Amino acid sequence: MCWRPGWVDAPDAPNGANGEFDTWTILGGSTVGDDLAIELGRRNRRVRRLTDVSELPDEDVGRELVVVAGNVADIAVDPVQRFLSDAPLVVRHLAEAEHPGRLVVLTRGALGVDAPAINPRDSMALGAVTVAPKEYPELSTALVDLDPVQPWTADLAERLVDELA
């Protein structure tokens with residue numbers, strides 16, 4: 001039997017870690033990251049924009065949500081390739097913090113729920129997102145695979161923030 005992607009309700013965050021995040025860190029320079037930062041700014045959230053994993057600070061920033069947002073607005077660009085090589089650093093950064101956070105990776109057309117995956121290289125991010133909480137049970141992770149047919153819009157950023165908040 002083969003694994004078939006589908007909708008899975010996310011469990012509650014471990015260790016009673018539900019609630020608002022103190023800091024939202026968006027990794028990756030892209031229109032998606034820009035739109036997410038604008039929407040979070042409208043909601044008076046603290047946002048850090050980083051282009052590289054090496055920029056993650058050592059100081060405690062409270063409960064942190066890291067969103068890996070490559071250029072998912074352009075399906076021709078591989079949005080998670082750089083993240084895959086640095087995934088252990090991001091996971092350790094979140095898991096070893098005083099207040100463990102959450103990791104969300106955005107892909108586009110990586111899983112192919114209703115049609116064949118058109119960006120299967122990005123599906124490798126599912127491995128990192130699935131394994132991380134097994135190694136660090138206090139860490140919460142998610143992979144959000146955007147519809148490759150629907151164009152990216154600021155409205156989608158608003159809906160995405162609603163889901164992640």
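**Figure 1. Arg48 and the residues around it in the predicted model.** Setting aside neighbours up to four places off in sequence, Arg48 is in contact with Thr23, Trp24, Thr25, Ile26, Leu56, Pro57, Val61, Glu64 and His93. This arginine sits in strand β2. Is Arg48 buried or exposed? With a relative accessibility of 15%, Arg48 counts as buried, because the cut-off for that label is under 20%.

**Figure 2. The whole chain, for orientation.** Before going on with the close-ups, here's the general layout. The protein chain has four helices and five strands, and if you read along the sequence they come in the pattern β-α-β-β-α-β-α-β-α. There are 165 residues in the chain, and buried ones make up 46% of them. How much of the contact list joins residues at least 24 apart? Taking contacts between residues at least 6 apart in sequence, the share is 71%. The accessible surface adds up to about 9000 Å², with 52% of that belonging to carbon and sulfur atoms.

**Figure 3. Where helix α1 meets helix α4.** Helix α1 covers residues 31-42 and helix α4 covers residues 154-164; the two pack at an angle of about 60°, and their axes are 9 Å apart. That angle makes α1 oblique to α4. On the α1 side, the contact is made by Asp35, Leu36, Glu39 and Leu40. On the α4 side, look for Ala154, Ala157, Glu158, Leu160 and Val161. As for handedness, α1 passes α4 in a right-handed crossing.

**Figure 4. The buried face of helix α4.** Which residues of α4 are buried? They are Leu156, Ala157, Leu160, Val161 and Leu164. Seen down the axis of α4, these buried residues fall within an arc of 140°, so they line one face of the helix. Two names may ring a bell from the previous view: Ala157 and Leu160 are among the α4 residues in the contact with α1.

**Figure 5. The buried face of helix α3.** Helix α3 runs over residues 125-135, and its buried residues are Ala125, Ala128, Val129 and Ala132. Look down the axis of α3 and these residues fall within an arc of 95°, so they line one face of the helix.

**Figure 6. Val144 in strand β5.** Strand β5 covers residues 140-146, and Val144 is part of it. Which residues does Val144 touch, once those up to four places away in sequence are left out? The list is Val104, Val105, Leu106, Thr107 and Leu160. Leu160 is one of the buried residues of α4. Another buried α4 residue is Leu164; its C-alpha atom is separated from that of Val144 by 9.9 Å, with the two positions 20 residues apart along the chain.

**Figure 7. Leu94 in helix α2.** Helix α2 spans residues 81-95, and Leu94 belongs to it. Leu94 is buried, with a relative accessible area of 1%. Not counting residues up to four places away in sequence, Leu94 touches Glu64, Val66, Pro100, Gly101, Arg102, Leu103 and Leu139. Glu64 also turned up among the contacts of Arg48. Measuring C-alpha to C-alpha, Leu94 and Arg63 are 8.8 Å apart in space, though 31 residues apart in sequence.

**Figure 8. Asn44, in the loop between α1 and β2.** What is the odd thing about the backbone here? Asn44 has a positive phi of about 60° although it is not a glycine. Its place is in the loop that comes before β2 (47-50). Asn44 is exposed, with a relative accessible area of 71%.

Terms used. Residues are numbered from 1 along each chain as its sequence is written. This is a predicted model: local features need pLDDT of at least 70, side-chain atom pairs count only at pLDDT 80 or more; totals for chains, interfaces and linings use all residues. Side-chain values use heavy atoms; hydrogens and water are left out. Buried means under 20% relative accessible area, exposed over 50%, partly exposed in between (1.4 Å probe, protein chains only). The arc is that of the directions from the helix axis to the C-beta atoms. Contact means heavy atoms within 4.5 Å. Accessible areas come from the Shrake-Rupley method with a 1.4 Å probe; for residues, only the protein chains shown count as cover. Axes are lines fitted to C-alpha atoms, for helices over the stretch in contact, and angles run from 0 to 180 degrees between N-to-C directions. Angles under 35 degrees count as roughly parallel, over 145 as roughly antiparallel, 65 to 115 as roughly perpendicular and the rest as oblique. A crossing is left-handed if the near helix is turned anticlockwise from the far one by less than a right angle, and right-handed if clockwise.
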